[in-house]
Amino acid sequence: MKAYKYQYEPKQVDEIIIRAFAFEFPDDLNPIWVPDNPVRSHLFNGLSLTMPYLEPYLIKSTQKAMAFISEPQLLADMRGFNGQEARHYQCHRRLNELLKSNGYPELAGVEKRLAASFERLSNMSLRTQLAYNAGFESMTTGFTHWLINRRLALFRDASPHVASFWLMHMVEETEHKTVAFDAYMAYSGQYIPRAIGVFHGSFHLVGFGLIGMLTALNKDRALRKPRNLIALVREISSMIFNVGPYLLRALLPWHNPRCEDDPKWMRDWIAGHAALSAGELLPLIDTKSSDMPVPFASI
Ligand SMILES: [Fe+2]
Ligand SMILES: [Fe+2]
C-alpha cells in the first residue's frame with residue numbers, strides 16, 4: 001500500500017528502551033489486590049487477561065508492517081515497541097496464571113474467546129490491523145494519565161507488586177505512544193480507517209476486559225451487593241471520564257500522539273530507572289505513601 005504525506009517527526013523521548021520487567025508476584029497474591037475493592041481489582045485483572053493475546057498480536061502485525069517501511073528511525077522505534085510489548089505480556093501472563101490458580105479458574109474460558117478473537121483479527125487486512133493498533137495505543141496514553149495522575153485514589157494501600165507493574169507498563173506505553181500511529185501513517189495514512197481503528201482498538205479490548213471482570217465478580221456473587229454495583233458504575237464512569245478525551249482527540253483528522261504531553265511522574269520514572277545499576281531489581285512503589293513517588297532514590 002502506498003504511503004502518502006508520511007514524514008518521520010521527532011518524538012518526546014530520545015529512545016524506546018527495552019527494560020527487564022522483574023516483578024516477582026508472590027505465589028499467594030490476593031486477586032483482590034486493591035483492599036476492599038473487588039470491582040477495581042477485577043477491572044484491572046480483566047484488562048490484564050487480554051494482554052497475552054493483544055500484545056503478541058501487536059508484535060506480529062508490527063513485524064508485518066516493517067516490510068513496507070524504509071524510514072530507519074521508525075524501524076528502530078518499531079523494534080523498541082516490539083521489545084517492550086513482549087516483556088509486558090510475559091509479565092501479564094505470570095500475573096494471570098496467579099489470578100486463575102488463586103481463585104478464578106473460570107477466566108480460562110475468557111482466554112479461549114480472546115485467542116479466537118485475536119486469531120480472526122490477525123487475518124484481517126494489514127491496514128485494519130495497523131489502524132486497530134494505533135487506536136488501541138491512543139487509549140493507553142489516556143490510561144497512563146489516568147493511572148499516574150490518580151494513582152493515590154486508585155492504588156493507595158494496594159499490592160505494591162501489582163500497582164508498580166501497572167504503572168511501569170503505562171510508563172512504557174507512553175514512551176512508545178507514537179509508534180503504532182507512525183506505522184499506520186507510514187503504511188496508509190487514510191483518515192477513515194484510522195478513525196474506525198480508534199473505536200475498534202479501544203472497545204474490543206475494554207469489552208474483553210469487562211467480560212473478564214464480570215466473570216470474576218459473578219464467581220464471587222459480588223454484584224448481589226448494592227455497594228459493589230455502585231462501585232461498578234463509579235469505576236467504569238471514572239475510566240470513561242479519564243480516558244475518553246484521549247479517544248476523542250485521537251479521532252481528530254490532524255491528530256498526532258506527539259500532541260499529548262508526557263506526565264512529569266512518567267519522565268521522573270524514566271530518569272530514575274536510567275540511574276539503576278545493571279541487573280539491579282526494580283524497586284517497588286510505596287503504595288502506603290501519601291504521594292506515591294517514583295521508586296528511585298535519585299529523584
Ligand atoms: Fe504494553
Ligand atoms: Fe503499547
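Me: Let me get the term down first: for a metal such as these, donors are N, O and S atoms within 2.8 Å of it. With that settled, how far apart are the iron ion (ligand 2) and the iron ion (ligand 1), and which residue coordinates both?

Reply: The two iron ions are 3.9 Å apart, and Glu 85 coordinates both. Keep in mind that this is a predicted model.

Me: OK. What coordinates the iron ion (ligand 2)?

Reply: Its donors come from Glu 85, Glu 137, Glu 173 and His 176. Glu 137 and Glu 173 each appear twice, with OE atoms, while His 176 uses NE2. The distances run from 2.0 to 2.7 Å.

Me: Why is the arrangement around that ion irregular?

Reply: Because the 6 donor atoms subtend angles of 52 to 144°. For comparison, ideal angles for six octahedral donors are 90 or 180 degrees.

Me: How are those donors spaced along the chain?

Reply: For the iron ion (ligand 2), the spacing is E-x51-E-x35-E-x2-H. The pair Glu 85 and Glu 137 links distant parts of the chain: Glu 85 belongs to helix H2 (residues 72-101) and Glu 137 to helix H4 (residues 126-149), 52 residues apart.

Me: Glu 85 and Glu 137, then: buried or exposed?

Reply: Glu 85 counts as buried because its relative accessibility is 0%. Glu 137 counts as buried too, at 1%.

Me: Now the other ion. Which residues coordinate the iron ion (ligand 1)?

Reply: Glu 55, Glu 85 and Glu 173 do so through OE atoms, His 88 through ND1 and His 169 through NE2. Those contacts are at 2.0 to 2.2 Å.

Me: And what's the spacing of its donor residues in sequence?

Reply: For the iron ion (ligand 1) it reads E-x29-E-x2-H-x80-H-x3-E. Here too distant parts of the chain are linked, with Glu 55 in helix H1 (residues 38-66) and His 169 in helix H6 (residues 160-175), 114 residues apart. Glu 55 and His 169 are both buried.

Me: Switching topic. How many salt bridges are there in the whole structure?

Reply: A search finds 13. One of them joins Arg 19 to Glu 172, with the closest N and O atoms 2.9 Å apart. That pair also links distant parts of the chain: Arg 19 sits in the segment before H1, Glu 172 in helix H6, and 153 residues separate them.

Me: Arg 19 and Glu 172: buried or exposed?

Reply: Both are buried.

Me: What about Asp 268 and Lys 264: where do they lie?

Reply: They're both in helix H10 (residues 264-274), 4 residues apart, about one turn of the helix. Their side chains meet in a salt bridge at 2.7 Å, N to O. Lys 264 counts as exposed because its relative accessibility is 53%.

Me: Back to Arg 19 for a second. Which residues share a salt-bridge network with it?

Reply: Glu 172 and Glu 175: bridges with shared partners join them and Arg 19 into one network.

Me: And which residue does Glu 97 meet in a salt bridge?

Reply: Lys 100, at 3.1 Å from N to O. The two are 3 residues apart in helix H2, so about one helical turn separates them. Glu 97 is partly exposed, with a relative accessible area of 41%, but Lys 100 is buried, at 15%.

Me: Next up, aromatics. How many aromatic pairs does the structure hold?

Reply: There are 17. Take Trp 33 and Phe 44: the ring centres are 6.3 Å apart and the planes lie at 65°, so the pair is edge-to-face. Trp 33 is in the segment before H1 and Phe 44 in helix H1, 11 residues apart, another link between distant parts of the chain.

Me: Is that Trp 33 buried or exposed, and what about Phe 44?

Reply: Trp 33 is buried, with a relative accessible area of 3%. Phe 44 is buried as well, at 0%.

Me: Which residues are in the aromatic cluster with them?

Reply: Phe 21, Phe 23, Phe 25, Phe 143, Trp 146, Phe 155, Phe 165 and Trp 166 form one cluster together with Trp 33 and Phe 44.

Me: Last one. Which ring does the charged end of Arg 249 sit over?

Reply: The ring of Tyr 246, 4.6 Å from its centre. Likewise, the charged end of Lys 219 sits over the ring of Tyr 104, 5.6 Å from its centre.

Technical notes:
Residues numbered from 1 in each chain as written. Chains lettered and ligands numbered in written order. Predicted model: local features only at pLDDT ≥ 70, side-chain atom pairs only at ≥ 80, totals over all residues. Heavy atoms only, no water. Donors = N, O, S within 2.8 Å, 3.2 Å for Na, K, Ca; no water. Buried < 20%, exposed > 50% of the residue type's maximum accessible area, 1.4 Å probe, protein only. Tetrahedral: all angles 85-135°; square planar, octahedral: opposite > 155°, others 65-115°. Salt bridge = Lys/Arg side-chain N within 4 Å of Asp/Glu carboxyl O. Phe/Tyr/Trp six-rings, centres within 6.5 Å; stacked < 30°, edge-to-face > 60°. Lys NZ or Arg CZ within 6 Å of the ring centre and 35° of its normal.
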